[in-house]
Amino acid sequence: MTSANKKGALLFVSGIVLGGLVATNHWSSQEHIQKQTLGSVEAELAEAKDKLQATNLTLETLTTQLDQQRTDAEKLAEEIVAKNGEIESLKASISQQQNRAKNSTVELEKTVETQSEAIAKLKKRVADTDYLYAERYRLTQEVNDLRERILKDSHKMELSHKACEEYKKGNSWNRVSQQDCDDFDEIKSKNDALMTEFDDVSADLDRIKRELSAFDAQQESERS
C-alpha cells in the first residue's frame, strides 16, 4: 500500500470514529433534553393534578356550602311562609280585637250615657227630695205656728165676743164697751185670715207629703 493510500485509510477511519463520537454526543444531548422536558412536563402534570385536586376539594366544599345554603334557604322560605301565616292570623286576631274593642267602646259609651242620665236624675231626685223635706219641715213649723196663733186669737176673740154681746144687751156692769165689739171684729178678721192661710199652708203640706210618699214608694220599688 502506498503512503497516500495509508493516509486516506487513516483519514477514513478517523472520520468514522469522529462521526460516531459526534453521533453519540448528539444522541446523549437529545436524550438529556428529552429527560429534562419530560421531567418538567411531569412536574407540571403533578402540579396540575395538585391544583385539580385542590380545585375539586374547593368545588366539593362550595357544593356542600351551596347545598347547605339551599337547605337553609328552603328552611327560611318555610319559616317565612309560616311567619306570613302567623302574621295573617295575627292581623285577623287584631282586627277581631279592634272590632270587639269598638263594640265594647260603643256599649261602654251607651252605659256611661245611661249611667250619666241615671246619676243626673238621681241628683235631681235627691235635690228635689231635700227640697221636699225642707219644705215639709218649714210648712209643718208654719202650720203649727198658725195653729197656735189661731188658738190664741180664738180665745181672745171668744172673750171679746162675750163682752160685746153683753154690751149689746146693755149689761154694763162688767165695764164692757163698744171697743170690745171693735176688738172682736178686728180679731175675727185677723183670725179668718189666719184660718185661710192655715188652710193654704196645710194644703201645701199635704201636697209635699204626697210627693214624699210617692218618692219613698218609688225607691222601695227600685230596691225590690
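Helices (H or I, at least four residues) and strands (E, at least two) are DSSP runs, numbered from the N terminus. The model treated here is predicted: local features need pLDDT of at least 70, side-chain atom pairs count only at pLDDT 80 or more, and totals for chains, interfaces and linings use all residues. Residues are numbered from 1 along each chain as its sequence is written, and side-chain values use heavy atoms, with hydrogens and water left out.

**Exercise 1. The nonpolar core**

Task: State which residues make up the largest nonpolar core and which helix supplies the largest share of this core.

Solution:
Step 1. A nonpolar core is a set of buried Ala, Val, Leu, Ile, Met, Phe, Trp, Tyr and Cys residues joined through side-chain atoms within 4.5 Å. Buried means under 20% relative accessible area, exposed means over 50%, and partly exposed lies in between (1.4 Å probe, protein chains only).
Step 2. The largest such core has eleven residues: Leu132, Leu139, Val143, Leu146, Ile150, Leu194, Phe198, Val201, Leu205, Ile208 and Leu212.
Step 3. Helices α1 (3–169) and α2 each supply at least two residues of this core. The largest share, six residues, comes from α2.
Step 4. In soluble globular proteins, nonpolar side chains tend to be buried together.

**Exercise 2. Salt bridges in helix α1**

Task: Determine how far apart along helix α1 the partners Asp128 and Lys124 are, and do the same for Lys91 and Glu88.

Solution:
Step 1. A salt bridge is a side-chain nitrogen of Lys or Arg within 4 Å of a carboxyl oxygen of Asp or Glu. The whole structure holds twelve salt bridges.
Step 2. Asp128 and Lys124 form one of them, with an N to O distance of 2.9 Å. These two residues are four residues apart in helix α1, so about one helical turn separates them. Asp128 is partly exposed at 34% relative accessible area, whereas Lys124 is exposed at 53%.
Step 3. Lys91 and Glu88 also meet in a salt bridge, at 4.0 Å from N to O. They are three residues apart in helix α1, again about one helical turn.
Step 4. For Glu148 and Lys152, the closest N and O atoms of the salt bridge are 3.5 Å apart. Both residues lie in helix α1, four residues apart. Glu148 is partly exposed, with 42% relative accessibility.
Step 5. Glu135, Arg138 and Glu142 are linked in a network of salt bridges.

**Exercise 3. Asp206 and Glu165**

Task: Locate Asp206 and Glu165, and decide whether each is buried or partly exposed.

Solution:
Step 1. Asp206 lies in helix α2 (residues 178–223). Its relative accessible area is 39%, so Asp206 is partly exposed.
Step 2. Glu165 is found in helix α1. With a relative accessible area of 31%, Glu165 is partly exposed.
Step 3. Glu165 and Cys181 are 16 residues apart along the chain, and their C-alpha atoms are separated by 8.0 Å.
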